[in-house]
Amino acid sequence: MRIRIIAAIAAGKVAHYLSRIFGGRGSSLPGVVALRVFPGTLEALARQVPCAVLVTGTNGKTTTNNMLAGVLESCGRRVIANREGANLITGVTAAFIRAAGIRGGLKHDAALLEVDEAAFPQVAELVKPTVVVVTNFFRDQLDRYGELDKTVSYIKTTLQRIPAVKLVLNADDPLVAQFAGVGRPFIFYGLGNRIRGKEAQTPTREARFCPLCGKEFIYAYYHYSQLGAFRCPGCGFARPPADVEANTVFTTDHTTHCSVRVKETLTQVILPTSGFYNVFNALAVLGAGLWLGIAPEKIAASLSTYVPAVGRLQKFVYKGRPVYLNLVKNPAGFNESLNLIGSPQPKDVFIALNDNDADGRDISWIWDVDFESLERQKQILCFVCSGRRAEEMALRLKYAGVPTGKIEVHPAIKSGVRRVLEGMGSGVYLLATYTALWPVDKILRRYAMEVNNADRLSSLPRPS
Amino acid sequence: MLTVCHLYPDLLNLYGDRGNIIAFVKRCRWRGIPVQVEEINLGESIDFARADFLFLGGGSDREQELITADLRTRTADLADAIEDGLVVLAICGGYQLLGHYYRTLDGTEIPGLGILDFYTQAGSKRLIGNIAIELEFGGHKVQACGFENHSGQTFLGNIKPLGRVLKGYGNNGRDGFEGARYKNVFCSYLHGPLLPKNSHLTDYLLRLALNRRGDKRFIKGLDDTFEKNARRVMLRRMGVK
């Protein structure tokens with residue numbers, strides 16, 4: 001056993017080293033190799049770390065997990081985290097291997113791991129988490145999972161099997177809030193009132209019907225998709241009161257300010273990013289903080305210096321114009337990205353759609369995205385469609401009513417990025433699915449530096 | 001005025017299938033053919049006789065059960081309309097629903113509407129992936145492509161398949177058939193969605209719907225460069241073109 005784990009770690013570390021040399025990120029390969037050498041690697045390594053937090057759900061995993069890692073580090077704790085978003089069992093194992101000594105020793109205080117919804121049951125059994133954060137459930141990469149209902153029910157039964165786990169649950173998502181019924185201690189977080197009350201965007205509401213009794217929910221208001229103040233007229237299941245709740249939220253171009261009540265005390269949180277959905281991620285972190293014994297003020301201080309991960313509304317500057325890169329992977333998230341590009345300045349938009357395994361091989365979900373909202377937006381000068389399914393993306397835009405003269409198809413990502421950077425607008429928005437994200441990021445860095453010598457902003461926060 | 005009837009858009013809304021409605025409607029409007037969409041939800045009344053194009057998508061198991069119960073009360077009306085030549089597109093779960101039954105892995109038979117002669121048997125392996133088929137309509141053989149994702153395996157009785165599998169699984173991964181065709185009813189496992197990039201099929205459905213109303217007008221061609229490109233990329237990738 002001792003020999004096998006050492007062999008597995010050595011093999012994993014060699015794989016990591018080689019992968020870096022050949023230009024990879026080494027975020028999963030070490031895990032693949034190590035698990036091949038010794039299937040018990042993850043369990044053996046995880047056992048040495050006293051506290052493990054798993055973050056699962058559809059959207060917000062990477063941001064929530066990275067925010068939480070930043071918070072714990074700012075408190076002086078030594079953490080292991082899969083920050084790059086490699087969230088299958090291989091990616092989680094790789095994070096442990098990178099942190100482990102050559103003899104398999106770990107001296108870390110906590111492991112913070114984002115875990116893919118479908119991989120959650122397997123990873124949770126091996127890692128035995130102390131705290132589990134569940135963000136939300138939207139339709140995502142269904143060809144790997146079968147329908148959403150099944151994914152949710154597997155996670156539910158897994159939570160019932162892990163002893164002594166504490167939960168942090170999104171109160172505004174009925175599919176998540178129902179987990180309060182699994183019999184584990186829980187903390188709810190959510191948006192307090194009609195902060196963003198608006199009409200339903202029906203095409204992407206995943207859960208219009210009560211998961212407990214099947215009746216259609218009545219909503220007082222929505223935040224986005226099925227998130228909001230739901231109530232079931234059949235069995236009475238309703239949005240529960242939250243322990244961590246944002247009362248007011250306002251956003252500027254670069255920051256989001258919110259006033260959050262944590263139990264009985266109010267805390268001001270300033271996030272250096274403009275995506276509204278990041279409020280939910282910050283609330284999840286504050287909720288986890290309650291279980292981990294970290295004061296809300298400490299968390300708020302750490303969140304104010306949060307640097308977005310690759311493709312989470314990352315900002316660049318090219319020839320003096322702002323360039324944003326955002327990951328898109330499902331209708332709910334894509335609609336939020338479209339909201340972001342709705343500002344009145346003229347701009348050029350790039351969309352890279354890939355259909356590799358990690359993106360989801362079925363790209364039909366783009367027909368559930370509300371591109372029809374773009375028809376009214378005359379300020380978008382050009383759409384550059386790129387990636388393995390560039391032609392299909394172009395087709396979707398055509399049927400959404402975008403004039404075909406504004407749509408250009410550049411399947412090669414490099415030529416697509418170059419084309420959009422030379423657009424006539426005063427800003428550029430790049431949206432990319434998972435496997436297109438890193439190629440886009442890489443090219444963007446090169447051209448933004450080469451052509452105009454503009455440094456990538458090292459971090460968004462420039463509190464003035 | 002053509003009336004498009006979208007059945008249970010709230011429930012049968014998996015995998016972007018509403019793209020089929022978008023495609024049908026847009027291709028009418030681009031040609032100046034007046035068209036309206038009626039969404040029918042659970043418990044609402046439907047007049048099948050007024051419909052020109054009926055779309056039935058797929059949903060998750062739970063939702064599928066809800067709507068089967070709701071539709072069962074209108075089976076006779078739907079069957080009459082189908083005999084009368086109503087143009088129907090039924091995808092995946094909506095396809096299975098029109099047959100005799102769905103037999104689950106433990107042998108339970110969930111009855112379908114029994115309008116068309118086929119049955120579906122749950123398989124242990126989910127049939128997932130890109131798919132290319134060859135189908136014949138109006139005397140021409142054409143190719144179409146999409147994405148299939150089903151664990152049910154459908155076996156046809158006395159009814160024609162929609163097409164022949166070129167790449168992928170089709171109805172059951174064994175007999176090489178994909179979908180089913182009866183009169184103006186088109187059943188298929190193809191998501192993608194089916195109609196936007198397979199615009200030749202969309203136009204055929206549109207022509208059938210107009211003809212049924214005695215409207216023999218010439219349907220002018222559209223610039224289908226985007227559609228053809230999207231289709232060609234996938235057919236090439238699957239090595240069938």
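Me: Leaving aside its neighbours within four places in sequence, which residues is B:L98 in contact with?
Reply: Keep in mind that this is a predicted model. Contact here means heavy atoms within 4.5 Å. With the neighbours within four places in sequence left out, the list for B:L98 is B:L56, B:L78, B:A90, B:L113, B:G114, B:I115, B:L116, B:F118, B:V185 and B:C187.

Me: Which residues touch the most other members of the largest nonpolar core?
Reply: Nonpolar side chains tend to be buried together in soluble globular proteins. Here the largest nonpolar core has 145 residues. The ones touching the most other members are A:F371 and B:L98.

Me: Where does this core lie relative to domain 1 and domain 2 of chain A?
Reply: The domain assignment splits chain A into domain 1 (2-303) and domain 2 (314-452). Helix α10 (residues 278-292) of chain A gives the largest share of the core, nine residues. Since both domains of chain A give residues to the core, its place is between them.

Me: How far apart are the C-alpha centres of those two domains of chain A?
Reply: We're talking about domain 1 and domain 2 of chain A. Their C-alpha centres are separated by 27 Å.

Me: Which strands are the edge strands of the open six-stranded sheet in chain A?
Reply: The order in this sheet is β12-β13-β17-β14-β15-β16, with mixed pairing. An edge strand here pairs on one side only. That gives β12 (314-318) and β16 (407-410) of chain A.

Me: What is the bridge partner of A:L327 in β17(A)?
Reply: Strands β13 (residues 321-327) and β17 (residues 428-432) of chain A pair in the parallel sense, over five bridges. In β17(A), the partner of A:L327 is A:A432.

Key: Residues numbered from 1 in each chain as written. Chains lettered and ligands numbered in written order. Predicted model: local features only at pLDDT ≥ 70, side-chain atom pairs only at ≥ 80, totals over all residues. Heavy atoms only, no water. Pairing = 2+ DSSP bridges. Helix = DSSP H or I, 4+ residues; strand = E, 2+ residues; numbered from the N terminus. Domains from an automatic or database assignment. Core = buried A, V, L, I, M, F, W, Y, C linked by side-chain atoms within 4.5 Å. Buried < 20%, exposed > 50% of the residue type's maximum accessible area, 1.4 Å probe, protein only.
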